[in-house]
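I opened my notebook to look up a few things in this structure. Here is what I wrote down, entry by entry.

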Amino acid sequence: MEKKGKGAKHGLAADLLSNWRSAERDTVAAKAAVPVAALAVAAVEAAEDAAVETEAAARAAMDAAVGATTVAERAKKAASQAAEAAQLAFATAEGDHARADLAVMKAEQAEGEARDMFHAAEEEGFPRESN
């Protein structure tokens, strides 16, 4: 059943406005994710630095601890694995940051398109049917 008259225009306007507002909320959420991803990158960088320092400390302990070589080798191996894990986490965090930036860009584009569609329909008097 096709709506006619003023009700159809208000229905289309409400749909367009709803889409615009939804796109605005998506943009806000995407923008909020960017600093979180940046903090994650910073945290992973700090963890990687700590892991590298731990690996260096483990090497020094191995040199100083004659007779405790087995324990020092285990510490070195664990620190090396922690450094590898930190590097992987860093790469993941960088990817998350890039995806968050892309999400912001897409959300802003969707918001702009929704806004433009709303304004175009508003200028045309909100046609009866949308495409």
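**Entry 1: a bridge between two helices**

I began with charged side chains and found that E108 and K31 form a salt bridge, with 3.3 Å between the closest N and O atoms. This pair links distant parts of the chain, since E108 belongs to helix 2 and K31 to helix 1, 77 residues apart. I noted that the model is a predicted one.

Next I looked up how open each partner is. E108 has a relative accessibility of 38%, so I put it down as partly exposed. K31 comes out at 45%, so K31 is partly exposed as well.

**Entry 2: the other salt bridges**

How many salt bridges does the count come to? I got five. A general reminder for myself: side chains of opposite charge can pair when their charged atoms come close.

One of the five joins E24 and R21, whose closest N and O atoms are 2.8 Å apart. What separates these two along helix 1? They are three residues apart, which means about one helical turn. E24 has a relative accessible area of 23%, so E24 is partly exposed. For R21 the value is 36%, and R21 is partly exposed too.

I also found R115 and D116, whose side chains meet in a salt bridge at 4.0 Å, N to O. R115 is partly exposed with a relative accessible area of 32%. D116 has 48% relative accessibility, so D116 counts as partly exposed.

**Entry 3: the overall plan**

I then stepped back to the whole chain. Its secondary structure comes to two helices and zero strands. What share of the 131 residues is buried? I wrote down 24%. Among contacts with a separation of 6 or more, 85% are between residues 24 or more positions apart.

I checked the span of helix 2, which runs over residues 69–123. Its 55 residues, at 1.5 Å a residue, should span 81 Å, and its end C-alpha atoms are 80 Å apart, so the two values agree. Just after helix 2, I saw that G125 takes a positive phi of about 85°.

I looked up E84 too, which is found in helix 2. Its relative accessibility is 47%, so E84 counts as partly exposed. From C-alpha to C-alpha, E84 is 9.6 Å from V52 in space, and the two are 32 residues apart in sequence.

**Entry 4: the aromatic rings**

Now for the rings. A pair of aromatic rings is described by the distance of the centres and the angle of the planes. I counted two aromatic pairs.

In one pair, the ring centres of W20 and F118 are 5.6 Å apart and the planes stand at 40°, so I call the pair tilted. Why does this pair tie together parts 98 residues apart in sequence? The reason is that W20 lies in helix 1 (residues 6–64) and F118 lies in helix 2. Are W20 and F118 buried or exposed? Both are buried.

F118 also forms a tilted aromatic pair with F126, at 5.8 Å centre to centre and 55° between the planes. F118 and F126 are both buried. Put together, W20, F118 and F126 form one aromatic cluster.

I met R21 again here: its charged end sits over the ring of W20, 4.7 Å from the ring centre. So R21 has two entries in my notebook, this one and the salt bridge with E24.

**Entry 5: the nonpolar cores**

Which residues make up the largest nonpolar core? I listed eight: L12, A13, L16, W20, A114, F118, A121 and F126. Helix 1 and helix 2 each supply at least two residues of this core. Helix 1 gives the largest share, with four residues. The members of the aromatic cluster, W20, F118 and F126, are on this list too.

I also looked up what W20 touches, leaving out residues up to four places away in sequence. The list is E111, A114, R115, F118 and H119. R115 is the residue I had already noted in the salt bridge with D116.

My last find was a second, separate core of six residues, including A30, V34, V104 and A107.

Note on methods:
Residues are numbered from 1 along each chain as its sequence is written. This is a predicted model: local features need pLDDT of at least 70, side-chain atom pairs count only at pLDDT 80 or more; totals for chains, interfaces and linings use all residues. Side-chain values use heavy atoms; hydrogens and water are left out. The expected span of a helix is 1.5 Å times one less than its number of residues. Rings of Phe, Tyr and Trp (its six-membered ring) pair if their centres lie within 6.5 Å; planes under 30 degrees apart count as stacked, over 60 as edge-to-face and the rest as tilted. Buried means under 20% relative accessible area, exposed over 50%, partly exposed in between (1.4 Å probe, protein chains only). A charge sits over a ring if NZ of Lys or CZ of Arg is within 6 Å of the ring centre and within 35 degrees of the ring normal. A nonpolar core is a set of buried Ala, Val, Leu, Ile, Met, Phe, Trp, Tyr and Cys residues joined through side-chain atoms within 4.5 Å. Contact means heavy atoms within 4.5 Å.
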